[in-house]
Each structure stands twice: as C-alpha cells, then as structure tokens.
Amino acid sequence: MLETRNGRGYIKHYMFDFGSILGSGTIFAQRRRAGNEYIFELQPGWRTLATLGLYLRPWLLVDYPDVPPSIGRFEGDAFEPARWKPEYRNPAFENMRPDDAFWAARIVAKFSNERIAAIVGKARYSDPRASAYLTETLIKRRDKVLRTWLNGVNPVVDADLSASGELTFANAAVAAGVAEPAARYDLQWFRYDNATDSETPLAEPAIVDGASGAASSSLPAALLTTAAGNYIGVRITTRHPSHPAWARPATFFFRRSADGWSTVGAER
C-alpha cells in the first residue's frame, strides 16, 4: 500500500489471509482452478458449455503428486509464472510491466535454498515428508519465476562509477543462475542536461566483454572533466542470442560531486 507520513510517501507491505495459500483451501485441499483461472471467467466456461463438456481446461489435466494431506494441492512442474492468475482480476497484475516483474523477481532471488528451507521449517510439519516436498516445490517455483522475469528485460543492475571513471555493473539473471553470460555489452555515453532533460552523445559506443556476470569499462576522456553538479549517463545494450529482450537498453545516470560520482537514476 502507498502510505503517507509527514508529507512523504512510501510503500508499506501487509501480510494477511494465510488460511488459503499454497496448497490449502482453508479446511480442504486447494481447488485445481486456483492459480490457473479466475473464479469467474467467461471464455473457458463458454467453451466447456459449447462442447458439452468435451473441452477440458488444461489445469484439469495436471497430475498432482501423492503428498501428505497437510500439503493440499500444490505442485511446481506445471506451474507457469507468466500464466498464473489470482482468484479475482487485480489491476496490479494486469498493469504490471516487464520492469515491475523484474523488480519483484530480484526480491524473490534473495530467497536462497537455505532460507526457503528455514521458512518452511517454521511451519513445524509433523510429517517430515511434507517439509521436504514443500521446500522442493517452492525452490522449483522460485527458479521458474527468476527464469521468466529476470530475462524479460535487460538485466543489467548495480551500475557504479568510481571517482577515477571506472564503470562497473552486474547482470542479475547471470548472478541468479538463470542465464548464461552475455556475448557482449554495448555502452553509449552521453552528457545529460537535467534542466532540459536532453542528452548529448559522446564518443563511439564501447564494447565490453560479457564473459562474466559483472563487467567494467572506463569513462571516456571527454567526460573526465565534468564539473561538480553536472550529470552524465550511459546506455547499456546487452547482447545474448537466447534473450532478445536483453537488447532493449538500460540507462544509468550519474551526478558529479567533489568526492566523485553518485548513481542518481536508472531507466529500463
């Protein structure tokens, strides 16, 4: 929720309604429809009616494994993050942009296997098979979320410019283990006028080897004399044959101070 206090806005996260999550449908196992179709959805209903029941929704054919009753109906093999649906239409999901999903996936990436196991351990399942299965399934779902959404945009992150003009950055998808290193990164530097929101390109694009998840490049000599209080930027295009979405540039802005450079903005 967007909260306001003392004239400042901030995001506050609430946790609620834990009675019907994961495989639980409160006092019974979760319905097969959950996560696959809205409670009320016209098209699949009409198709079933028009075919006198011959049309079967795909989620009716999902084979749920034999698990302890305390798990309910929950699996990770048929789960597809991009197709997942809540019970009711939610503008937050319908208006979600690829960069929104990327932001959320980076949070999901912080949950290591050990942390997921520790969280499941808090449930204190009496049957150890339940703990093992839930941990394994959550890890499987986490990996699918990261593979889907970290690769949906240019995953360059954590751009930093040292006082000496050395640019470093990382690749969130590679760091999460859901993509191979990029073939290369193309960097286009520019001066940025904050008052007019205009850019002046500088020098020819530089090419950085993408052999690892992190990369670095030196600031062009033309920008080393930038005065304190002024801005520069770099537009990074990532090249990967298996991930065409990476080719959409990610742009980072830096402001010069007496002590060096500060990262002040990013656009994806």
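**Reading strands, helices and single residues**

Modeller: Let us start from one pair of residues, for R255 stands opposite S262, and S262 belongs to strand β10. Please keep in mind throughout that this is a predicted model.

Colleague: How many bridges join strand β9 to β10, and in which direction do they run relative to each other?

Modeller: Strand β9, which covers residues 250-257, is joined to β10 by seven bridges, and these two strands run antiparallel.

Colleague: In what order do the strands of the open sheet lie?

Modeller: The sheet has five strands, and reading across it gives β6-β5-β8-β9-β10, with antiparallel pairing. At the edges stand β6 (198-209) and β10 (260-267), and each has a single partner strand, so one side of each is left without a neighbour in the sheet. If direction is ignored, neighbouring strands of this sheet are turned by 25° against each other on average.

Colleague: Turning to helices, at what angle do α4 and α5 pack, and how far apart are their axes?

Modeller: Helix α4 (residues 113-121) and helix α5 (residues 128-149) pack at an angle of about 140°, and their axes are 9 Å apart. An angle has to be over 145 degrees to count as roughly antiparallel, and α4 and α5 are therefore oblique to each other. The crossing in which α4 passes α5 is right-handed.

Colleague: Which residues of α4 and α5 meet?

Modeller: From α4 come N113, I116, A117 and V120, while α5 brings S131, L134, T135, L138, I139 and R142 to the contact. Sorted by class, the contact of α4 with α5 holds six nonpolar, three polar and one charged residues.

Colleague: Is T137 buried or exposed?

Modeller: T137, a residue of helix α5, has a relative accessible area of 3% and is therefore buried, the cut-off for that word being under 20%. Leaving aside residues up to four places away in sequence, T137 touches F74, E75 and G76.

Colleague: What is the sign of phi in R124, and where does R124 lie?

Modeller: Phi of R124 is near 55°, which is a positive value in a residue other than glycine. R124 lies in the loop between α4 and α5, and R124 is exposed because its relative accessible area is 74%.

Colleague: And what is phi of D158?

Modeller: D158 is not a glycine either, although its phi is positive at about 55°. Its place is in strand β3 (residues 156-161), and D158 counts as exposed because its relative accessibility is 52%, where the cut-off for exposed is over 50%.

Methods. Residues numbered from 1 in each chain as written. Predicted model: local features only at pLDDT ≥ 70, side-chain atom pairs only at ≥ 80, totals over all residues. Heavy atoms only, no water. Axes fitted to C-alpha atoms, helices over the stretch in contact; angles between N-to-C directions. Helix = DSSP H or I, 4+ residues; strand = E, 2+ residues; numbered from the N terminus. Parallel < 35°, antiparallel > 145°, perpendicular 65-115°, else oblique. Left-handed = near helix turned anticlockwise from the far one by under 90°. Contact = heavy atoms within 4.5 Å. Nonpolar A, V, L, I, M, F, W, Y, C, P; charged D, E, K, R; others polar. Buried < 20%, exposed > 50% of the residue type's maximum accessible area, 1.4 Å probe, protein only. Pairing = 2+ DSSP bridges.
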